[in-house]
Each structure stands twice: as C-alpha cells, then as structure tokens.
Amino acid sequence: MYQISKNIVIFVIILIIEAQLKMSNKKLNYHIKLFYGFFIFSLLIISNLPLKSENTYYKFYEPINNPESLSYIDSINLFPQKFASGVGCGSKNDPDNPGWKIIADDTGSGVITHIWTQYFQLPDSSFFFKLIIDGELILQMPMEEFFGNNHGLLRFPFYNKYSGCYVSDIQIPYKKSFKISVKRINPAECNLFWAVQWKPLPDYLVHNSFITPDTSYNNSLKSAEEAFKLGEPKIKYQKPYYSDSYLAPGDTAVLANITEPGIINGFYITINEDLANDNNNLQLLFFWDGSPYPAVDVPLIDFFGLGEGNNNLNSFFIKSNSKESWYSTFPMPFRESAVMKIVNNSKNSVPIHSSSAVDHKKIDINKYGYFYAQETKSYPTKISIFHPVAHIKGKGRYVGTFLYVHDNKRGPSFLEGDALFLPDSNNNNFIHYFGTEDYFNGGWYFREGSYMAPFSGCQRNWSMLYRYHALDGIDFNSTMDVDFQHGFNIDFNCNYRTVAFYYKQWTPFWVDHDTILLGSTVQISGSGYQPNENIACKLNSKELSYIQANSDGRFSINAKIPSDLKDGAYYLNVNGTQKPEQLFIIKEPIIQLMKDSVNQQFRWQDSLLVNGYCFKPNTGILLKMNNLELVEKPKTDNNGSFSAYIHIPWIKEGFYNLIATDNSNQIISDSQIEITRKLNFEFEELPIIKTDGIYSCNYNGIGDKLNLNNWSRAFNLLFSPWNLGESITFNIVLPVSDTFRVNLFYGKNNHFGIYSVFIDGRYCMDIDCYSNYNKIYPQRSDSLQLFVSFIEKGEHTIQFICTSNNSKSTGLNLVLDNIEFIPVTQFRELNDTLIIDKSSTNHFSIYQNPVNTFDKYLNVILPEYLTENTYYVLSLYDYLGNLITNLFSDYYIKGVIRTELPRLSASVYFCVLKIYRKDKIEIQSLPLIVND
C-alpha cells in the first residue's frame with residue numbers, strides 16, 4: 001500500500017537476466033551489453049528505494065476516516081511510541097531560547113500524536129508555550145491561547161480544554177526535528193504537569209512537514225474533524241447478521257455465526273433495562289477463526305461502559321443508553337469465521353436482540369490484528385501491588401482502557417496512582433503518566449466535574465473512566481505490560497475493574513494445554529491454511545510431526561513429546577510461525593503454589609491458589625499439609641490438570657509441605673508454606689466505621705530508607721483531628737475465639753497527641769505519641785501490649801480518642817501502623833497417638849468422613865482382641881486439654897461405634913479413646929478440625 005512491491009521489480013530483473021542469458025550465444029555489440037548492464041543496475045537501485053506514490057506516506061488520521069485501519073499492524077504502521085512527562089517548568093534548558101525549558105523534543109522524522117498539560121492555582125497566562133517544527137517557530141503564546149484558540153491547522157476540536165487540563169490530538173508531522181518549550185513568567189512558581197507522545201517514523205513515510213502540509217493532509221484532517229464532531233467514526237455497514245434470543249439462566253446464545261472473511265464494523269444489542277445491571281452476569285464471548293479461546297471475554301455491561309450503574313456512554317467507539325440500545329464500532333477483522341456468544345450467568349431469563357454489520361472482504365492475516373477485550377479485577381487492590389490491566393504476548397496495538405471503581409467510599413485519592421505502559425520490555429519506550437486522571441485526559445481529580453468527550457471521559461464521581469488511543473495507539477512487537485498504581489504510593493484499598501482493548505496478531509494454531517509431561521501427547525489444531533497444505537510442527541528445532549491440512553485449511557493432530565527432550569520451556573513453531581507463549585515440558589507431575597508476593601506467611605482461613613499439572617486425567621486429588629488431609633479435593637481435567645483454592649485451617653505454627661496425590665503419584669510442592677497463628681491487621685487496610693477528623697495512608701520508604709524496613713509493609717495511617725475529643729474507630733473481624741495478647745504499633749513525633757484506646761468500648765490505656773523526633777516521617781514505636789484476654793471470634797471495634805497532647809507537642813496527629821492478636825495458648829501435637837501396650841500389633845482408629853470438616857457423627861473402629869472385661873471411654877477435649885464432654889462409655893463392644901458430636905465452633909479439638917483393661921490402659925487421640 002505504501003511503496004511499490006520489491007517482488008515485482010525483482011521479477012522484472014529476473015526476466016531481463018533470463019533474456020540476456022538466452023542471447024548470450026549471439027554476438028552482441030559493446031553498446032548493447034553496456035545498455036543491459038546499466039538497465040539491470042538501475043532496477044536494482046530502484047528496487048531498494050521507497051518509491052513514492054499517493055499512498056506511500058503515513059496516514060495520520062486514517063483511524064478516524066477509515067476505522068478498520070485501527071487494526072492495521074503491518075510493518076509500516078507498527079512503530080514504537082516515545083513519551084515525555086514531568087512536573088515543574090520543563091526537564092532541561094532550551095539552549096536556543098534562554099529562560100525556556102524543553103518538555104519534549106526529538107530529531108529525525110516522525111509525528112507528534114498527543115499533548116496533555118495541566119496546572120493548578122495559577123492563571124493560564126503564567127505559562128507561555130512554544131512549538132518549533134523543523135527549526136521553524138509555529139506558535140508562541142500563553143497556554144490558554146495556545147490550546148484554546150484556532151491556529152489554522154491547530155484548531156478545535158482536536159485542541160480542547162477538558163476537566164482540569166488541556167489536550168491535543170492533532171497529528172503534527174516533522175521531517176527534521178520538533179521541540180516543545182515552556183516558560184514560566186515567575187520561575188519560583190512552577191506548578192505545571194505535562195505529557196507528550198510522539199512516534200518516530202522513517203523519512204519516506206512522512207510525506208510533508210507540518211510547515212508545508214499538502215492537500216491530502218488538509219483533506220484528511222478536515223474529514224477527521226467532521227467525524228470527531230459527529231462523535232463516531234465513519235463506518236461501512238454491509239451484510240447484517242441478526243439474532244433474537246430468550247436466554248434462560250445458564251444458557252448461551254449465539255449472536256452471530258459468520259463463515260465468510262470480513263470485518264465487523266458495527267455490533268448492536270438491545271436488552272431489557274431492568275436486567276441490564278443484573279450483577280454483571282451476562283458475559284460476551286467472541287471467537288475468531290475457529291479458535292476455542294475467546295478474544296473477547298468481558299461482562300456485557302462492562303464492555304459497553306455501564307458497569308457502575310452509569311446511565312449512558314457517548315464515546316467514539318462505544319455508545320450505550322441503558323433505556324434504549326448499545327453499540328460498538330470497534331473494527332473486528334477475521335480471515336474466515338467469527339462466532340459471537342452471550343452467556344446468561346444470572347438468575348433471570350433475558351430477552352436479547354442483536355445485529356452485526358459485516359463488510360465481507362478478504363483479510364490479509366499479515367496486515368490485520370484481531371480485536372481483543374480483556375477484563376481484570378482487583379477486589380480489593382492490594383497495598384504495594386499494581387493493578388494488572390493487561391499483560392500481552394505477541395505483536396499488536398493497545399487502543400483503549402475502561403476503569404471501573406466499585407463502591408468507593410474514600411474519595412478520589414485513588415487517582416494519585418500512576419498509569420504505566422511498557423511495550424516490548426523496552427524502557428526506552430516506557431510511558432508513565434503521573435496520576436490516573438492524567439492518563440484519562442483530566443487534571444486535579446477532574447476538578448471541573450464529569451465529562452464525556454469522544455476519546456476520553458470521567459463519569460459520575462470517578463466510578464467509570466475511559467480513554468481511547470484512536471490517534472496515538474501504543475504499538476508493541478513482542479509484549480505489552482499495562483499496570484495501574486492506586487493511591488499515593490500503591491496504598492489505596494478499593495475495588496478496581498479494568499477492560500483493556502487491543503489488537504494483536506496471533507498464530508493460526510493453538511494447543512489444548514501448555515504444560516506437558518515428557519512422552520505424553522499434546523493436541524495442536526489450526527485454521528486458515530491453504531487447502532491440503534503440508535503442516536510441520538516443531539518444538540524449537542525439534543521436529544514433532546507432519547500433517548496435511550484438510551480441504552477447509554484446518555488441521556488437528558495429537559503430537560507426542562519425545563522422551564529424550566530435556567525438561568524446560570520451548571517455543572512451538574508451525575510452518576515457520578512461532579507461538580508467542582512458550583510450552584513447558586516436565587519430567588513428572590508438579591504442583592505450584594500461586595502465592596501472593598506480599599503474604600509470605602499464611603493465617604487461619606487465608607486462601608492459597610494451587611495449580612497441578614500432568615496428573616492422571618479425570619481423577620480425584622487428595623491434598624495434604626504434611627499428614628493433615630485438607631477439605632478441598634479437586635478433580636483433574638482431561639489433561640490431568642487441576643486448580644484449587646485451599647483454606648488454611650487453625651493449626652500449629654510452623655512450616656508445612658503441600659502434598660498432592662492421585663493414588664499413583666505423590667508430589668510435594670517446590671516450596672513450603674509458613675503458617676502463623678498471629679493475626680496481624682494493618683490500619684491502612686482496616687474499614688473505618690466512624691471518624692471526626694481527616695485521615696490518609698502514608699508510604700514510609702522515601703528518603704529515610706530505614707523506615708521502609710521498620711514500618712509494617714512500609715505503610716501507615718495518619719489521623720489528624722481538628723479538636724480534642726475527636727476520634728477514629730476501626731472495625732476488626734477475628735476468625736477464631738482464643739486468648740490473645742494484643743500488641744499495638746504506632747508513630748511518634750514532635751507534633752503528635754495523647755490518645756485513649758478502647759476495644760469494644762472497654763478502656764485499655766492512654767498512649768502518648770510525642771517524641772522529640774522532628775523529621776518528616778515519624779518513628780515507629782516499640783511493641784505496646786494493650787492487654788491479654790480471651791476474645792470471641794467475630795466483629796470488634798478499636799477506637800482512638802484524642803484526649804490531650806504533651807506540653808512539648810505542636811500538634812494532635814496520630815499515626816497507626818498495625819495491631820497484632822497473638823494467641824497465648826499452645827497446640828497439642830497433631831500426631832499424639834499413644835498406645836500403652838506397644839507389644840500389640842493390632843490397632844484401632846478413629847475417623848470422620850469427610851476428613852477435616854465438621855460432621856455430625858464420629859466413627860470409632862475398635863480392635864478385635866479385646867475381652868468382655870474391657871471398658872471404653874470416648875471423650876472430647878479442646879486444644880488446651882480441657883474436657884468438653886464424654887461422648888461414649890460402655891463394656892466390651894467390637895466393630896464400629898458411631899456417636900453424635902455436639903455442635904462445635906471453629907477450632908481444633910481432640911477425640912480421645914481410652915480402653916481400660918485388667919492391667920493396662922490404651923489411649924489414642926484424633927485431632928478434629930472444625931471449620932465454619
């Protein structure tokens with residue numbers, strides 16, 4: 001499309017050479033030979049030059065004027081972005097303009113794709129902007145004029161003042177260089193934030209400089225402006241596909257089943273308004289070209305921007321109105337087939353009408369990417385851990401993000417987190433927005449309120465934010481990592497949901513599982529090949545198998561993994577195309593603990609995700625922690641894999657091995673689980689049920705590095721009362737009843753107050769938080785023991801009331817770090833089986849079915865050798881050794897005793913069987929773990 005194909009030139013050269021060879025037997029004079037040589041040499045030179053035509057330059061506004069180009073990810077369109085952002089008055093001095101600071105610049109050719117700036121509590125005229133293209137000054141004026149007025153090609157609507165900021169998506173080409181500089185009238189007052197994005201391009205793709213744009217550039221811009229004002233792209237509607245369904249709970253409806261190549265230019269759906277927000281339980285699933293894995297897997301209302309009860313979304317690619325209809329104009333190309341489904345996971349029947357408009361034409365798989373929509377959740381976000389928006393492998397373009405913040409009760413502070421984009425793991429292309437609202441084209445918490453613009457917006461109290469990269473798509477060739485921070489320093493607890501929109505080339509084949517046992521088989525399938533094409537499959541350079549595609553261009557084969565391979569990671573290649581994700585070859589089954597990087601220790605009822613691979617297919621798995629059988633008993637799938645969440649029981653502290661067995665293999669996990677009975681609560685994570693003053697979370701790892709090590713998780717909570725008598729109250733839920741030693745950790749500084757501490761309304765003590773420490777970060781106190789007492793499981797309150805302050809203190813602040821509840825009781829050993837008569841080879845046992853869960857009945861298997869003078873007592877003790885009740889007592893019974901247990905609270909108990917004989921006593925105990 002952009003330059004004459006070299007293949008044609010080379011073909012012509014070959015024909016000439018062949019003709020010359022045929023004439024070689026004839027006598028040619030010197031001049032003719034010279035002419036042939038010169039002609040061939042000229043063609044060789046021409047074939048290596050980018051020959052220009054009307055279509056050879058980069059089409060700056062094509063994603064708006066021709067929306068399907070958003071999915072073009074061929075070599076001409078796919079170039080890495082560059083990004084500059086900062087705070088203040090510029091990152092470096094402008095050597096050509098004394099007193100000016102450069103905020104972004106580049107040499108060579110390319111195009112500026114996005115400019116964003118914001119300021120605070122300063123007049124617009126405090127800042128002057130200067131734009132220089134190819135060494136020539138384009139604009140120099142105060143910021144409000146620079147962004148707010150029309151300047152020929154720099155004109156509305158691509159220059160806009162949004163909520164608290166200015167945004168430009170004008171595509172500004174440059175042939176030699178560009179520079180954006182800023183000057184503050186009063187250099188002592190610098191409160192400017194900026195972000196500039198640009199795309200370096202080869203010179204031959206930049207048709208003209210912005211200084212001398214040609215007619216085609218002007219026409220393209222004018223057409224894009226019309227579409228921008230209209231609020232949606234100009235799209236081609238051709239063959240429609242309709243669907244009417246009445247979906248019962250649990251059912252799946254096929255919205256479209258398309259079996260010809262083409263591009264879905266419009267997807268339209270209507271649904272009963274009352275059911276649209278039915279717990280987000282209607283799931284969209286889109287499959288491209290026979291793949292069994294959905295490229296779109298998103299709840300319906302999240303896909304259409306209604307996930308937090310918003311009434312509508314009026315954006316460029318998606319429009320929705322909960323009272324009428326919803327539709328998407330994202331182009332969705334496919335080379336042979338598309339299947340669009342919706343799953344009803346709700347409890348209600350749902351009537352659905354949909355239509356899909358398809359432009360049927362042949363799709364070049366080397367040119368287009370497939371459309372993806374991917375949702376991730378952090379419920380809640382975790383301190384010091386980014387929210388993962390998308391982590392993509394392959395080649396493609398990132399084109400948009402939706403962020404939903406659910407049930408936010410703590411205001412806009414989550415917006416302090418940064419938005420991070422890392423294409424191809426290359427830090428030179430790292431994109432870093434200083435604040436979430438900056439990325440969503442706002443400023444200062446959207447101080448001018450909610451707004452909806454074609455490319456970005458913020459709805460209803462920050463509950464839903466969106467941005468499209470229509471003209472500044474972020475390209476990647478191998479990987480893309482997108483993460484959002486939350487709060488001031490990844491320290492805000494709230495519920496995040498994000499939907500990432502992107503295009504990606506994928507391999508036209510797939511495997512049924514990616515962790516494979518040596519010597520076993522993996523199913524490899526594919527589509528879109530030539531009819532009867534020979535298919536060669538390889539692991540790295542190791543040949544696996546050959547097969548022939550069928551008449552539809554599809555194939556499927558069960559390929560055996562050679563036993564002589566080494567275990568490790570391999571890339572699968574089919575006919576020279578490599579799968580981006582690796583396959584893992586292992587020698588024996590494995591189990592993996594998917595452990596949170598923050599929680600290295602586990603406590604009662606903590607959940608731990610366990611994955612197992614290469615066990616027997618369709619087999620029950622027994623999980624143990626050392627010798628203790630767990631409640632969870634997963635079953636493997638057809639590939640011998642399983643996934644299960646185990647819940648930590650109330651057991652003795654220490655290190656445990658997780659063991660999984662399918663009765664043929666007993667596999668021990670590659671890492672131990674550390675169990676602690678200490679219950680630790682971080683104040684910055686606890687729910688606040690009442691407060692009079694203001695509070696915030698603080699990160700303590702900046703500057704004084706010791707703080708990072710001393711403070712629990714490097715975070716704390718700051719409470720600032722206005723007056724004496726004001727308080728803050730937290731809610732804590734204890735999962736068990738026990739006797740606890742309660743320890744408090746807080747901050748000390750020269751402007752802190754004196755507080756009375758109450759637990760469940762009961763006075764504990766006063767704490768004086770004053771010290772002569774006067775640095776910006778407080779000192780962390782030593783452990784302060786509040787009391788030792790028996791506490792029932794359930795909800796409890798901890799209240800801090802400001803009563804006074806030290807005479808030397810300059811303030812009333814309170815910093816709280818964490819509070820510990822440490823059980824002071826000791827566990828008996830779980831394997832304390834005692835048989836006094838050690839000479840006996842007969843054994844008896846006590847068991848429950850199922851193990852490690854509360855059952856109303858207990859079964860006792862008695863030995864056969866006992867006489868009628870034998871007396872039995874079966875007793876129930878708590879883990880302190882206190883007798884609860886005698887369950888059973890009698891003389892001379894053989895076989896199985898089945899006795900009923902009383903209702904027990906969650907804890908560990910011991911059933912003790914005593915057998916009294918003439919000259920000895922035999923005792924055996926069974927640990928009994930009761931979960932709620």
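**Exercise 1. Decide which parts of the model can be read in detail.**

Solution. In this predicted model, the protein averages a pLDDT of 80, and 81% of the residues reach a score of at least 70. Turning to the individual elements, the highest mean pLDDT, 95, belongs to strand β60 (residues 754-759), while strand β66 (residues 845-847) has the lowest, 45. Two stretches then call for caution: over residues 701-709 the pLDDT is below 50, and this stretch has 11 contacts beyond near neighbours in sequence; over residues 828-855 the pLDDT is likewise below 50, with 70 such contacts in the model. Where pLDDT is low, the predicted coordinates should not be read in detail.

**Exercise 2. Establish whether S109 is buried or exposed, and describe its surroundings.**

Solution. Begin with the location: S109 lies in the loop between β3 (101-107) and β4 (110-119). Its relative accessible area is 9%, and because this falls under the 20% cut-off, S109 counts as buried. Next, consider the side chain of S109, which reaches the backbone oxygen of L201 at 2.5 Å and the backbone nitrogen of D203 at 3.3 Å. Finally, leaving aside residues up to four places away in sequence, the residues that S109 touches include Y174, K175, P200 and V206.

**Exercise 3. Work out which strands stand at the edges of the sheet β24-β32-β26-β27.**

Solution. The sheet is open, with four strands in that order and antiparallel pairing. Since β24 (387-393) and β27 (431-433) each have a single partner strand, they are the edge strands, and one side of each is left without a neighbour in the sheet. On average, neighbouring strands of this sheet are turned by 5° against each other, direction ignored. For the pairing of β24 with β32 (residues 479-484), six bridges join the two antiparallel strands, and H391 stands opposite D481 in β32.

Conventions: Residues numbered from 1 in each chain as written. Heavy atoms only, no water. pLDDT = per-residue confidence, 0-100. Contact = heavy atoms within 4.5 Å. Buried < 20%, exposed > 50% of the residue type's maximum accessible area, 1.4 Å probe, protein only. Polar contact = N/O pair within 3.5 Å; in protein donor to acceptor, adjacent residues only side chain to side chain. Pairing = 2+ DSSP bridges. Axes fitted to C-alpha atoms, helices over the stretch in contact; angles between N-to-C directions.
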